[in-house]
Amino acid sequence: MHELSIASRVVELVVEQVCSAGGGRVAAVTLKIGALSCVHEDALRFSFNLVREETPLANAELRVVTVPVVIWCAACGREVTLPGIQKFACPECGTPSGDIRAGRELDLESVELAGDAAAVEAAKGRII
Amino acid sequence: MIEPRILEVRTKILKKNDELAREMRERFVRAGVLVVNMVSSPGTGKTAFLKQALARLLARGEPCAAVVGDLETDNDARRLAESGAPVRQIMTHGLCHLEADMVEKHLEGWDIASLRYLFIENVGNLVCPTSWDLGESVRLALLSVTEGEDKPLKYPGLFNTADVAAITKIDLAAACEFDRAKALVNIEAVRPGMRVFETSAKTGAGLDAWLAYLAERRRALVDGTPPPPRRSV
Ligand SMILES: Nc1nc2c(ncn2[C@@H]2O[C@H](COP(=O)(O)OP(=O)(O)OP(=O)(O)O)[C@@H](O)[C@H]2O)c(=O)[nH]1
Ligand SMILES: [Mg+2]
Ligand SMILES: [Zn+2]
């Protein structure tokens, strides 16, 4: 369950961001998780719910953007997206490649700060 | 009235670990010590393999040391210390992987520059250690013949982030009906071009080839030759 360590780092980083932004409550946190990052999304959500209690993230929504693996295919001369993570070869021409261009992300992308109650309701109204 | 707003952060979640690991790697390289991070499932034979490697290096007059991560016991450290090398145990108390600061703390007081090789035996786990850079120059993934040939396909992340692989316990290959060709194909599928050593801690098979590889990597490190492409994106 290394997801617990990762969720703790996320909360730490977000709290730092909130402090330097002058405080506030967090409405949502967006993470970018590569297919090769070895992070299990359910375990991460479970861990996030544990570690965010009594922090400005207590009611934050966790958004996870999954990034597929992209490799460089020398034969095709371009980047290609892999359908899975079990064969590091070009899906078009079959050439093996260890030149990974995406898929290892473990990134905190953005933090959405909530406004005051009225603003939050208004914002919700706009989104829905 | 406070408006909701979005802070674009775009930072690595493990930034702190990555930064410390980078600093440690620079320190190790400057000191001329090759650091190897060993990852595998529990029971693959990391300790047995490492004990042999330490003993052989010492017999050749090559100073080396090890730190070993384990959930609760110091058994592995005691086993490794029988080789004669300095060894320290990192007890993680339930944490399923080592992090850079734990390694750094356990190196305190050691004269790193007096070493040529430093080995880090990670906690036995096929998933969790992969995301944590420990400042190593070489990451070794181990797979034993008793685990089945499809481990690399089941845990591609671990093999894909490794620089080199070892198949361990090959003395048991026949008894386990280990399909060597299939294992090699699977490793190649998830990490094209990775070198694989076939070893036995019991018979000593493959150990000299492994140590020759380490010597080559260390020479390149001391000469300042850039290392082969690594896992970082
Ligand atoms: N026959 C044979 N047995 C081995 C070999 N290497 C390890 N073993 C046995 O496999 C078992 C596990 O070996 P360890 O070296 O403790 O494995 P490990 O990967 O360090 O295990 P953890 O630290 O718990 O993850 C022990 O009983 C060893 O004696 C080998 O090359 N041949
Ligand atoms: Mg061990
Ligand atoms: Zn191609």
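## The magnesium site

Three protein donors serve the magnesium ion (ligand 2): T47(B) through OG1, D76(B) through OD and E121(B) through OE, lying 2.1 Å from the ion. Along the chain, these donors follow the spacing T-x28-D-x44-E. T47(B) belongs to helix α2 (residues 46–59) of chain B and D76(B) to helix α3 (residues 75–81) of chain B, so the pair ties together parts that are 29 residues apart in sequence. Please keep in mind that this is a predicted model.

How buried are two of these donors? T47(B) is buried, with a relative accessible area of 4%. D76(B) also counts as buried, at 13% relative accessibility.

## Around ligand 1

Ligand 1 is surrounded by 17 residues, and the closest are K46(B), T47(B), R79(B), D171(B) and A201(B). T47(B) thus appears here as well as among the donors of the magnesium ion. Helices α2 and α3 of chain B each supply at least two residues of the shell. Which element gives the most to the shell around ligand 1? That is α2(B), with three residues.

Oxygen atoms of ligand 1 take part in several contacts. One contact reaches a polar backbone atom of G45(B), at 2.9 Å. Another runs to an N or O atom in the side chain of R79(B), at 2.8 Å. A further one involves an N or O atom in the side chain of E121(B), at 3.0 Å. On its own, ligand 1 has 650 Å² of accessible area, and the protein covers 71% of that.

## Chain A: layout and a surface patch

Now to chain A, which has three helices and six strands. Reading from the N terminus on, its elements run α-β-α-β-β-β-β-β-α. The chain has 128 residues, and buried residues make up 46% of them.

On the surface, M1(A), L4(A), F46(A) and L50(A) form a nonpolar patch, with about 390 Å² of accessible area together. One of its members, L4(A), sits in helix α1 (residues 3–20) of chain A. L4(A) counts as partly exposed, at 34% relative accessibility.

## Salt bridges

Over all chains, a search of the whole structure finds 25 salt bridges. One of them joins R63(A) and E112(A), with the closest N and O atoms 3.1 Å apart. Because R63(A) lies in strand β2 (residues 61–67) of chain A and E112(A) in strand β6 (residues 106–113) of chain A, the pair ties together parts that are 49 residues apart in sequence. R63(A) is partly exposed, with a relative accessible area of 30%, whereas E112(A) is buried, at 17%. In another bridge of chain A, the side chains of E79(A) and R101(A) meet at 3.3 Å, N to O. This pair links strand β4 (residues 78–81) with strand β5 (residues 100–102), the two residues being 22 residues apart. E79(A) is partly exposed at 42% relative accessibility, and R101(A) is partly exposed at 34%.

Chain B offers a bridge between D133(B) and R25(B), where the closest N and O atoms are 2.7 Å apart. It links distant parts of the chain: D133(B) is in the loop between β5 (117–121) and β6 (138–144), and R25(B) is in helix α1 (residues 15–31), 108 residues apart. D133(B) is buried, with a relative accessible area of 14%, and R25(B) is buried too, with 18%. Finally, salt bridges that share partners join R9(A), E12(A), E16(A), K16(B) and E99(B) into one network.

Key: Residues numbered from 1 in each chain as written. Chains lettered and ligands numbered in written order. Predicted model: local features only at pLDDT ≥ 70, side-chain atom pairs only at ≥ 80, totals over all residues. Heavy atoms only, no water. Patch = residues over 30% accessible without salt bridge, like charges linked within 9 Å, V, L, I, M, F, W, Y side chains within 5 Å. Areas by Shrake-Rupley, 256 points an atom, 1.4 Å probe, with all protein chains shown as cover. Salt bridge = Lys/Arg side-chain N within 4 Å of Asp/Glu carboxyl O. Helix = DSSP H or I, 4+ residues; strand = E, 2+ residues; numbered from the N terminus. Buried < 20%, exposed > 50% of the residue type's maximum accessible area, 1.4 Å probe, protein only. Donors = N, O, S within 2.8 Å, 3.2 Å for Na, K, Ca; no water. Near = heavy atom within 4 Å. Polar contact = N/O pair within 3.5 Å; in protein donor to acceptor, adjacent residues only side chain to side chain.
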